[in-house]
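Open the model in your viewer and show it as a cartoon. Keep the sequence panel in view, since the stops are chosen by residue number.

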Amino acid sequence: MELHTEKATHVAELLDWARERGAYHAEEGLSVGAAVEEAVRAAGENLGEQEGGEKPDVGALVEVVSAAVEGYIAAHNRYAAQALPERQLRDRVAELTALHRINSAANSSLNLGDMLKETAQAVMAVTHADVCSIFLYEPEWDQLVLTATSGLNQEAVGNVRLRLGEGIAGWAAMVGKPVAVHDAWSDPRFKYIPALGEERAMSTLVVPVVLFTKEKLVGVIALNMYEERNFSEDETQFLETVAGELAIAIENARLYEQTDARLRQKVAELSTLQGVSAHIAATLNLAEVLTLIAYQAAHLVHADAATIYELHPASATMELVAQYNLKDPNHTIHQGKVNPRVVMNTPNSVIAEAIMRGVPLQLAPEADSQMEVPFSRGGYRSMFCVPLVAPRGIMGGICLYNIDEKVFSEEQVGLLDAFAHEAAIALENSRLYDAALRGLKTKSAMLQEMNHRVRNNLQTVAGLLSMQLRRMAPDGEAATAVRESIARIQSMAAVHDLMMSGTEVQSTTVYELARRVIEAAVSTLTRPRLRVEVKIAPDDAERIRVGSQEATLLALLFNELASNAILHGFAGREKGRIEVHARQVEVPGKTREAGKVEDRKEQTGTDRRARFIAIEVKDNGRGLPEGFDLERSANLGLNIVRTLVVSDLRGNFSMTDREDGQGTLARITFTPQQAQQPATSPPTA
């Protein structure tokens, strides 16, 4: 009722009105003070001075105010009882949303730092905390390290460390239970760390992160409030749930990192073994190969130095043949000569005796120091010897030195065995090669010298260029030029392998020559993401044989045309195809020798059939540039091709776009200087 327009004359009506107004204030979310003020004004208006000058009844005034407060409290309690399930539902939804964010972060990325940062932000959103920090436990140091934080100084991440029991976080990790502190600064366990910038922190809740399947401490989650706060049981339970989810996610991320690192290590080990095998097959420089093996063995098992000894059974001695010091920045694999020369008698040497046992052994690093053995007096504290065992017996051994005490794992010992096997093969191959050279001297001294020098020189030049290439920018012009030079050398090496097999100079087929040279060029020049398919039509190419002079020239031609296709035709592409077609064409009544065409007839009066060879090299690249002219626009490689064809082969060379517009077509025609084996069915020109 409207008391302002119609004053109540009965106290009971006034009390009912006060209860209704108090309830109204509560339902509208107004303060209880506003309800009291309105009740006082209404009581003053309706219970003013009575006739005769009597003062208002104070008791009645108190009753009115009390009725307003009573109505306010009753309505507030009714509203709170109705709103409680809704608030609890909102809280549960927020918690589930946060857990979903944490699980999504764990499943979408195995990056530990990103996942922990996302977790800290999600926890802050639910708990309305001012700071959330996550510490991970490092068992090797027995410390907690700050790994992620939201609300504190980010520069402290990775730099703040706590021992177990140190600070409130360290205490919770040590006892393995949640710790809630109302006033952190007054708690004796609190530790102030200036780098964190937590001067305003008051209340703290810390929950340990434990992987319960293994009873393993993973870390802790810490919440900080800038105002004093009593953490509820629901908040603690939520944080414990987050800690359980986080423990599994962290363990999975760490296992992934360990597996990924181990996989990379295995790939590196296998790549190194493959490289050593290739080096052994590509060169006869035994000292360089053994020094490379010593370096790689020490590098992969994290040793500081290594030596390799070779056994001489006839004299019962063990000779130092290679050494490498990883602590010496001037030491390289090219330091093949060992100085001074160290030769040990097997009965009087601790190292030799250990190697002759045929099993890996741990020795004192000062063993045989009286014989001036390398690294025996350099302050090394451990040494490990692995024998070099070949099918014919023990060939020598590898010794690895460490400045610190070290025990090699089973995997490391297995890796050293693999290296020892490679070194044994190198020694065995060297001995067999020496024996073969001695046998060949009796048959053809000239061929022996040529075979030895040409192959070694080619491989040495290719090896030196490959080493120089590793010091260049991979995509630079200089690196491309070096790769082309390596490909040219390898093409000559391929001809040498084909023509100089055995003890006689042989002829070879166009098919085999093209296959080896183009595959070598593809292997040397192809970018990592480029796949090149090589197709050589075998019909005539397998029947056409060429001598040493034409083979050398064709090898260079095939290499230059393949290089041109890879570097220019396939530029910017992920795959390409190179095709080679060769034909032997017979023309009646004409023959060509030394660039001179003549009509010839046999004495019987029949025409002599002249043969010329036609070779086509196709690619499906981008084709020739607009306005291309072979004489004016050709690069170095194409100029080499044209010069070799015209001047040396006395033939013709052309280069055009393919008729289908899918790449280029290079044609080479020439008449061989030596008679070829006739084709079974002469093709048409």
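This tour visits a helix, then a sheet, then the helices that lie against that sheet. Keep in mind that the model is predicted.

**Stop 1: the helix α1.** Select residues 11-27. This is α1, with 17 residues. From its first C-alpha to its last it reaches 25 Å, close to the 24 Å expected at 1.5 Å a residue. Now show side chains. Which residues of α1 are buried? They are L14, L15, W17, A18, G22, A23, H25 and A26. Step just past the end of α1 to G29, where phi is positive, at about 80°.

**Stop 2: the sheet.** Six strands make up an open sheet, and their pairing is antiparallel. Reading across, the order is β3-β2-β1-β6-β5-β4. Select 161-163 for β3 and 179-181 for β4: these are the edge strands, each pairing on one side only. On average, neighbouring strands are turned by 25° against each other, direction ignored.

**Stop 3: one strand pair.** Select residues 131-138 (β1) and 143-150 (β2). Seven bridges join β1 and β2 in the antiparallel sense. Pick S133 and look across to β2: T149 stands opposite.

**Stop 4: helices on the sheet.** Select residues 112-127, helix α4. It lies across β1, β2 and β6 (216-225), and runs at about 140° to β1. Then select residues 167-175, helix α5. Helix α5 packs on the sheet and touches β2, β3, β4, β5 (203-211) and β6. The direction of α5 makes about 35° with that of β5.

Notes
Residues are numbered from 1 along each chain as its sequence is written. This is a predicted model: local features need pLDDT of at least 70, side-chain atom pairs count only at pLDDT 80 or more; totals for chains, interfaces and linings use all residues. Side-chain values use heavy atoms; hydrogens and water are left out. Helices (H or I, at least four residues) and strands (E, at least two) are DSSP runs, numbered from the N terminus. The expected span of a helix is 1.5 Å times one less than its number of residues. Buried means under 20% relative accessible area, exposed over 50%, partly exposed in between (1.4 Å probe, protein chains only). Two strands pair if DSSP finds at least two bridges between them. Axes are lines fitted to C-alpha atoms, for helices over the stretch in contact, and angles run from 0 to 180 degrees between N-to-C directions. Contact means heavy atoms within 4.5 Å.
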